[in-house]
Amino acid sequence: MEAFVPILVQAISGIVAGEAVGAAFKKAAMSQLPIIISGIVGGVGGGALLSGMGGDAGALSGVLGNVVGGGAGGAILTAIVGAIMNSMKKA
């Protein structure tokens, strides 16, 4: 149970950041499912990457590190998926 909480925090912050990016870039016209999935995957990946780089002794450790890493990863991956879907729609 102790290992599940950081993943849950990363996934939720990834979804929130992905929704923010999806709302900011309405040109991509993504539906909710790709935004949610890319937010979750990016959030967990970004959180894992940040915690792997910083360890537990850094300033971004604990819940704050999970939120920052999850939010950044979710936002970046959602923006990438949106750009890809937008370019596929034009072709």
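Buried here means under 20% relative accessible area, exposed means over 50%, and partly exposed is anything in between, with a 1.4 Å probe and protein chains only. This is a predicted model, where local features need pLDDT of at least 70, side-chain atom pairs count only at pLDDT 80 or more, and totals for chains, interfaces and linings use all residues. Residues are numbered from 1 along each chain as its sequence is written, and side-chain values use heavy atoms, with hydrogens and water left out.

**View 1. The whole chain, α-α-α from the N terminus on.** The protein chain has 3 helices and 0 strands; helices (H or I, at least four residues) and strands (E, at least two) are DSSP runs, numbered from the N terminus. Of its 91 residues, 30% count as buried. If you like contact maps (contact means heavy atoms within 4.5 Å), take the contacts with a separation of 6 or more: residues 24 or more positions apart account for 81% of them. The accessible surface comes to about 5500 Å², and carbon and sulfur atoms own 76% of that; areas come from the Shrake-Rupley method with a 1.4 Å probe, and for residues only the protein chains shown count as cover.

**View 2. Helix α1 and its buried residues.** Tucked away in α1 are Q10, A11, S13, G14, A17, G18, V21 and G22, which are buried. The end C-alpha atoms of α1 sit 30 Å apart, which agrees with the 30 Å that its 21 residues should span at 1.5 Å a residue. The expected span is 1.5 Å times one less than the number of residues in the helix.

**View 3. A nonpolar surface patch with M1 in it.** M1, F4, L8, I12 and V16 make this patch, about 550 Å² in area. Patches take residues with over 30% relative accessible area and no salt bridge, joining like charges within 9 Å and nonpolar side chains (Val, Leu, Ile, Met, Phe, Trp, Tyr) within 5 Å. A salt bridge, for the record, is a side-chain nitrogen of Lys or Arg within 4 Å of a carboxyl oxygen of Asp or Glu. M1 itself is in the segment before α1 (4-24), and it counts as exposed because its relative accessibility is 80%.

**View 4. S38 and its polar contacts.** S38 lies in helix α2 (residues 32-54) and counts as buried because its relative accessibility is 4%. Its side chain has a polar contact of 3.0 Å with the side chain of T78. A polar atom of the S38 side chain also lies 3.2 Å from the backbone oxygen of I35. The polar contact rule is a pair of N or O atoms within 3.5 Å; within protein, one must be able to donate a hydrogen and the other to accept it, and residues adjacent in sequence count only if both atoms are side-chain atoms. Skip the neighbours within four places in sequence, and S38 is in contact with G43, G74, L77, T78 and V81.

**View 5. Helix α3, with A79 and N86.** The 29 residues of α3 (residues 62-90) should span 42 Å at 1.5 Å a residue, and the end C-alpha atoms are indeed 42 Å apart. Glycines turn up among the buried residues of α3, including G65, G69 and G82. A79 is partly exposed, at 32% relative accessibility, and its C-alpha atom is 9.1 Å from that of I35, 44 residues apart along the chain. N86 is buried, with a relative accessible area of 18%; the C-alpha atoms of N86 and M30 are separated by 8.4 Å, though the two are 56 residues apart along the chain.
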